[in-house]
Amino acid sequence: MSSNELLQNTSVLAVLLFLALVLQRTFLQASYYVTIETGINLRGALLAMIYNKILRLSTSNMSMGEMTLGQINNLVAIETNQLMWFLFLCPNLWAMPVQIVMGVILLYYLLGTSALIGASVIVLLAPVQYLIATKLADTQKSTLDQSTERLKKTTEILKGIKLLKLYAWENIFCDSVEDTRGKELTSLRTFALYTSMSIFMNAAIPIAAVLVTFVSHALINKSKPSSSEAFAALALFHILVTPLFLLSTVVRFAVKAMVSVQKLGEFLQSDEIGDDSWRNGDMSVSLEACKKHPGATKAINRKQPLLYQMDSYEQPARRPLRPNETEDVAVKVNSGFFTWGSNLSTLSDINICIPTGQLTMIVGQVGCGKSSLLLAMLGEMQTLSGKVYWSNKNRYSVGYATQKSWLLNATVEDNITFGSPFNKQRYKTVIDACSLQPDVDLLPFGDQTEIGERGINLSGGQRQRICVARALYQNTNIVFLDDPFSALDIHLSDHLMQEGILKFLQDDKRTVVLVTHKLQYLIHADWIIAMKDGSVLREGTLKDIQTHDVELYEHWKTLMNRQDQELEKDTEIDNCQTALERKTLRRAFYSREAKNQVDDDEEEEEEEEEDDDNMSMTTSRRSKIPWRVCWQYLSSGGFLMVFLMVFSKLLKHSVMVAIDYWLAEWTAKGNALVNGTANSDVPVNGTAYDDANGYAPDFGNVTRDFVNASAAAVFSNQTNSAAGLPDSYYVPVFIILCGAGIALCLITSLTVEFLGLSAATNLHHNLLNKIIHAPIRFFDVTPLGQILNRFSADTNIIDQHIPPTLESLTRSTLLCLSAIGVIAFVTPSFLIALVPLAVSFYFIQKYFRVASKDLQDLDDSTQLPLLCHFSETAEGLTTIRAFRHESRFKQKMLELTDTNNTAYLFLSAANRWLEVRTDYLGAVIVLTAAVASIWSSGKNLPSSMVGLGLTYALTVTNYLNWVVRNLADLEVQMAAVKKVNSFLSTESENYEGSMDTSQVPEDWPQHGEIKIQDLCVRYDPLLKPVLKHVNAYINPGQKVGICGRTGSGKSSLSLAFFNMVDVFEGRIIIDGIDICKLPLQTLRSRLSIILQDPVLFSGSIRFNLDPERTCTDDRLWEALEIAQLKNMVKALSGGLDAVVTEGGENFSVGQRQLFCLARAFVRKSSILIMDEATASIDMATENVLQKVVMTAFADRTVVTIAHRVHTILEADLVIVMKRGNILEIDKPETLLENEDGMFASFVRADM
């Protein structure tokens, strides 16, 4: 048989078609895999480069704000990925032009000029697509800015939620978030518009091109093309569309990649710290001055004033030196001038020595360069001139505790051992020296508890003690401690000084350099360096300074006198300070445990909840598609939109099939011509570029379509030339159908995007309202991060990712169904083969979806530690470099990168697995369709119909894997909707109350009389009551003090006045009205409270005092005057409109507390409750305040909850509480007479 005859044989052609498809697909997927692997390698290399650079960044770069943590995070999270994706798409840059040129040549060869006219439509519309793509990128940027702003506001609300509820301001703040959300939605609307335009262009261009070509062919040639020509031409059009669309994408990615390269370049060229060679200079300096005296450490006697101790302090007698004996100096600085990056020297003319094995203290005022001196010795500052010498055996590693504590995301134990081997005895000693044991005992897993950014939040003092413990535990010769006492109260710092520094460090003969403000410790110093304005004022022993610089010594003595007096008063507060920190920790866990108990009960009901950690979950359960969640999502979009979407989608696909059918009819009448615009929809969906795996639409159309062309030519037997109706009848109908198709493309793409938008709008609105009106208990048990995640990550997915996925999914599914429908219509025998194919497809997709979801989780969960490690390193640079642990951190970074890259590679490999399977399945469909049509051709089947069926069969291949891919994506994205919905089911507080607002008198409460009758309060129906049967009566205008130990229910009582807690028995009656019956808004807006923790919001001072904008300026100034702030605010630029930064960071804690007082004074209510409100204010201001409150509130009822009993000695009535009961209640004088009473013992302790 000659080769020509062989190719005429239909069965041979069918097999060839099948083989061609299989081969082409196999090569395509293999090439994808190679590019992805290369891309991942590139990203790994870039990450390592960035990390090495971070380790060498100069400190001034970080502190002067040239490099922020945000920038570094962006480099790691965004820029490296941009380059990786560009590499994935890179091969298309040279593959595409080849495809385009070949396509145009072949078209011209087939159809002559009319083909060129059609091709020009595609070429002319390509720039429009590019334009839309760039516009999309810009809109995304502006959306991002708006959502950052919205998040900032939301975070503020959540942090200050208790205050907002107590002041009944939640709606004002809620509106301001809604306002920003409105702006964000406007840019999202633009985004949706551009996205739908882009989808529309992809769908409409092929229809338009086909329309133009055939109409112009009919007009120019006046004859019909033969069916083989027409068929091949249509196939070629599809070859042209894909590369042109992809080209615009690739160009966009190339532009982004260029920007990324530029950013990386700038970062890699920024300043680095100096060379290390000078740190190891060989030296042994003999220094008369630096001598160790064998004096026993004296315990500090608190009762005896320090002053006396200092005078009677004798410098221990020195053993005279033999001439040949030299004592070592650990570090020596010679005429050093150091700077933080500008040419002005921060430290000038430094000449100091640090004696080996002794305790050196550096003292001086705030901002005189003490910390800088430590950093200069560590080589973190830029040296203008001068030298730092380290004695040979010392500068390998320095134990260094910074002022701003820095913790790793690791267990407490890892934070302290910091990579050193674990030694139980030593560890125990260090923990005791830093008094960390009580704190560790409170943690849920002891010292194996995760702390740090993602772990448990510790308070400042706890964090600082862990950092000091780290410096003590390391086996280094030199220890630098930068103000380790700043966040500690007096007992803790004494303990640390005695046990940790004097005993633990000095016994080891380690050299200690201590920066401190606590002058009472100077008597322990072997060597003192006094600094002033960036230079050394004095150095020597205390004795030297006493003899040589009397003035300085006297100055210190007066300061110490003052510190001494404060000590007396501070002891009580500071105790409370630590107690308070521990109390908050306890509360956090107590509430979390309670929550866990509640959760266990709910678990059975909602088994598919978040906990995917337990691997016991069976595949069957996880492979369910969350239909219920999808339905919730769609219904929140509005039923009209859902109906529109479904209807327009179905209509569009029917019209597409109609166009193809009409073409088949038309050409069959002349010379059977067959076609399909069916593969017109290019399978590239909006999300394709979001997950890097979806980046690859199909360039496989090329060979496939050449095969179509040849197959069609043979299948259409040329004899079938029945003379049909004239062209004039076919052309107009064809034009109308195509026009309808294009219009429907536009409508469907718009409906999906806007359905998504309205769903996003409603979901966010409901979520915000639910959460802001939730009871305060909800915020105690739900971690802030979790709530914020709903507003950031989950909202972002709902806003931007679900609509395109939904669009792509519906489109590919309908295309597959319409294709199978057409094949079944042409050759019904195909349906028999469909059953096994459908079954195998079902199992492939089920298997893939489960794996894909887990792999995606794996990728996310391995990426988080990597990003955290980067930002952690950038924050703790000085510590890491002082300890010389760079290589350990680098090693950890490489391990984390490898883990993440492996996870990502697995994810891509799984996608390849799916695509190879679905492609082979598609090839089998083509084969069965071909075989079925060969069987049927004997039964007088028009050749044009055969072609139609085959064309459709060929399109299925493309869309099968998109269906599965989008299903998997949608499943992951629906989790966001599910999480948001789980919050929507929280109970709101009962805002209504049983009384109407109109029944409450305007000026209620006019007198301020309070009756508490048999009051029982609990935080949650599942918890024990915190107040048990409390009875009290408070006269109008009385000043009442409440005191008691931590946890005695003082704060709970203050919350009960505002109905913030569950009052399940008894009642509180204020001026004759039971407060539980009042609407919450009314009740809370008529009382005032001042809380323990000061909360300020970003905005102006005016906004912080009076967000409702109801008061006159005079009233605000008056309140500021009462709060001792008037002069300070007057001095600020803008006065009342001066800026308050986020959290009030631009004021000191004391000032913030005063603003909170002023806020309560602005609201002229007749009842004021002060909850330990003066804890962070110095004594002088507090005394003034007490007086002012007594005068300004002479006629009002003031309830003070006291930390320090002496603040309530002047009160009219004192209530002493214990374990939720009232223990004693009477006038303070009467209570004091009872020697054995609780109150009397408090007062004695406080004296």
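The structure holds zero disulfides, a disulfide being a pair of cysteine sulfur atoms within 2.5 Å. Two of its cysteines are still worth a look. Cys-90 is buried, with a relative accessible area of 17%, and Cys-630 is buried too, at 11%. Here buried stands for under 20% relative accessible area, exposed for over 50%, and partly exposed for what lies in between, using a 1.4 Å probe and protein chains only.

Before we go further, a word on what you are looking at: this is a predicted model, in which local features need pLDDT of at least 70 and side-chain atom pairs count only at pLDDT 80 or more, while totals for chains, interfaces and linings use all residues. Residues are numbered from 1 along each chain as its sequence is written, and side-chain values use heavy atoms, with hydrogens and water left out.

Let us take the whole chain next. The protein chain has 38 helices and 23 strands; these are DSSP runs numbered from the N terminus, with helices being H or I of at least four residues and strands being E of at least two. Of its 1247 residues, 55% are buried. The chain exposes about 51700 Å², and carbon and sulfur atoms supply 58% of that area; the areas come from the Shrake-Rupley method with a 1.4 Å probe, and for residues only the protein chains shown count as cover. If we take contacts between residues at least 6 apart in sequence, 83% of them join residues at least 24 apart, where contact means heavy atoms within 4.5 Å.

Now to the strands. Strand S14 (residues 1039-1044) is largely enclosed by the rest of the structure, because six of its six residues are buried. One side carries Lys-1039, Gly-1041 and Cys-1043, the other Val-1040, Ile-1042 and Gly-1044, and all of these are buried. S14 pairs in the parallel sense with S21 over four bridges, pairing being called when DSSP finds at least two bridges between two strands. In that pairing Val-1040 stands opposite Val-1199 in S21. S14 also pairs in the parallel sense with strand S22 (residues 1213-1218), over five bridges, and there Gly-1041 faces Val-1214.

From S21 (residues 1197-1201) we can step across to S20, since the record of pairings has these two strands running parallel and joined by five bridges. Ile-1167 of S20 stands opposite Thr-1197 in S21. S20 itself (residues 1167-1171) is mostly covered, with five of its five residues buried. Both of its faces are covered: Ile-1167, Ile-1169 and Asp-1171 are buried on one side, and Leu-1168 and Met-1170 are buried on the other. Strand S17 (residues 1088-1090) pairs with S20 as well, in the parallel sense and over three bridges. Within that pair, Ile-1090 stands opposite Met-1170.

The nonpolar side chains come next. In soluble globular proteins, nonpolar side chains tend to be buried together. A nonpolar core is a set of buried Ala, Val, Leu, Ile, Met, Phe, Trp, Tyr and Cys residues joined through side-chain atoms within 4.5 Å. The largest such core has 116 residues, and the members that touch the most others are Tyr-633, Ile-771, Ile-798, Leu-1015, Ile-1101, Leu-1120 and Phe-1161. Helix H23 (residues 727-772) gives this core its largest share, nine residues. Leaving aside neighbours within four places in sequence, Ile-771 is in contact with Leu-158, Phe-778, Phe-779, Ile-787, Phe-791 and Phe-983. Apart from the largest core lies another, of 49 residues, including Val-430, Phe-485, Ile-501 and Ala-530.

A few single residues round off the tour. Asp-494 sits in helix H16 (residues 490-507) and is buried, with a relative accessible area of 16%. Its side chain is joined to that of Tyr-521 by a polar contact of 2.7 Å. A polar contact is a pair of N or O atoms within 3.5 Å; within protein, one must be able to donate a hydrogen and the other to accept it, and residues adjacent in sequence count only if both atoms are side-chain atoms.

Asp-780, in helix H24 (residues 776-781), is partly exposed, with a relative accessible area of 39%. Its C-alpha atom is separated by 9.9 Å from that of Tyr-1019, which is 239 residues apart from Asp-780 along the chain.

Finally, Ile-100 belongs to helix H5 (residues 92-111) and counts as buried at 16% relative accessibility. Not counting residues up to four places away in sequence, Ile-100 touches Leu-240, Pro-243 and Leu-244. Ile-100 and Phe-237 are 137 residues apart in sequence, and 9.9 Å apart in space from C-alpha to C-alpha.
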